[in-house]
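Here is a short tour for anyone opening this structure for the first time. Take a look at the sequence and the model, then read on.

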Amino acid sequence: MDHTRHIRLNDTELTEAVLNGATIYGPGDEKIGHVSEVHGQGAGAQVIVDVGGFLGIGAKPVAVPARDLDFMRDESNAVHAVTRWTKDELKALPEHRH
């Protein structure tokens with residue numbers, strides 16, 4: 001996917017209503033997870049990413065700062081993010097507990 005043509009979200013758009021369900025792509029443009037929760041808003045928000053699993057089963061929730069994810073909208077207005085983190089790096093983070 002060519003992310004260079006996608007529109008970056010601004011800080012006011014970094015809310016749970018906008019980000020929930022967004023697909024997260026790793027540095028090789030592979031799908032590595034999706035947003036399941038957002039705590040706070042803006043660049044300082046904590047984003048809970050479900051990593052791995054299949055159809056939501058067996059996924060590990062991890063918390064990462066919103067500023068570590070580059071959120072954007074594609075041509076169909078769907079929100080997604082790109083990160084420098086790999087799936088293995090995210091899986092190595094502590095599990096997020098409610």
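What follows goes from the overall build to the sheet, its hairpins and a few single residues.

## The overall build

Keep in mind that this is a predicted model. The protein has two helices and seven strands. Walking along the chain from the N terminus, you meet them in the order β-α-β-β-β-β-β-β-α.

How does the radius of gyration fit that of a compact globule? For 98 residues, such a globule would come out near 13 Å, and the protein has 12 Å, so the two agree. If you box in the C-alpha atoms along the principal axes, you get roughly 30 × 30 × 20 Å.

Of the 98 residues, 40% are buried. On the outside, the protein exposes about 5,600 Å², and 51% of that area comes from carbon and sulfur atoms. Contacts tell us about the fold too: taking those with a separation of 6 or more, 48% link residues 24 or more positions apart. As for charge, there are 10 positive and 15 negative ones, and their mean positions sit 3 Å apart.

## One open sheet

Now to the strands. Seven strands make up an open sheet with mixed pairing, lined up as β1-β6-β7-β2-β3-β4-β5. At its edges are β1 (7-8) and β5 (60-65), each of which pairs on one side only.

Here are some of the antiparallel pairs, with one example of facing residues for each.

| Strand pair | Bridges | Example of partners |
|---|---|---|
| β1 and β6 (residues 69-73) | two bridges | Ile7 and Arg73 |
| β6 and β7 (residues 79-83) | five bridges | Asp70 and Val82 |
| β2 (residues 23-25) and β3 | three bridges | Tyr25 and Lys31 |
| β3 (residues 31-39) and β4 (residues 46-51) | six bridges | Val35 and Val49 |

The β3 and β4 pair offers another example: Glu37 has Ile48 in β4 as its bridge partner.

## Three hairpins

Let's look at the turns next. β2 and β3 form a hairpin with five residues between the strands, and Asp29 there takes a positive phi near 65°. What kind of residue has this positive value? Asp29 is a residue other than glycine. Asp29 sits in the loop between β2 and β3. Is Asp29 buried or partly exposed? The relative accessible area of Asp29 is 28%, so this residue counts as partly exposed; the partly exposed class covers what lies between the buried limit of 20% and the exposed limit of 50%.

Further along, the hairpin of β3 and β4 has six residues between its strands. Gly40 is in that turn, with a positive phi of about 90°.

The hairpin of β6 and β7 has five residues between the strands. Which residue takes a positive phi in this one? That's Asn77, at about 75°, although Asn77 is not a glycine. You'll find Asn77 in the loop between β6 and β7.

## The two helices

Each helix has a residue worth pointing out. In helix α1 (residues 16-19), pick out Ala17. Is Ala17 buried or exposed? With a relative accessible area of 77%, Ala17 is exposed, because exposed means over 50%. Ala17 also gives us a link to the sheet. The C-alpha atoms of Ala17 and Glu37 are 9.5 Å apart in space, with the two residues 20 apart in sequence. Glu37 is the residue that bridges to Ile48 in β4.

In helix α2 (residues 87-91), go to Lys91. Lys91 has a relative accessibility of 38%, so Lys91 counts as partly exposed. Which residues does Lys91 touch, leaving aside neighbours within four places in sequence? Lys91 is in contact with Val51, Gly52 and Lys60. Two of these names tie in with the sheet: β4 covers residues 46-51, and β5 covers 60-65. Lys91 and Val51 are 40 residues apart along the chain, and their C-alpha atoms are separated by 6.5 Å.

Terms used. Residues numbered from 1 in each chain as written. Predicted model: local features only at pLDDT ≥ 70, side-chain atom pairs only at ≥ 80, totals over all residues. Heavy atoms only, no water. Helix = DSSP H or I, 4+ residues; strand = E, 2+ residues; numbered from the N terminus. Rg over C-alpha atoms; globule rule 2.2 N^0.38 Å. Buried < 20%, exposed > 50% of the residue type's maximum accessible area, 1.4 Å probe, protein only. Contact = heavy atoms within 4.5 Å. Areas by Shrake-Rupley, 256 points an atom, 1.4 Å probe, with all protein chains shown as cover. Lys, Arg positive; Asp, Glu negative; His and termini not counted. Charge placed at Lys NZ, Arg CZ, Asp CG, Glu CD. Pairing = 2+ DSSP bridges.
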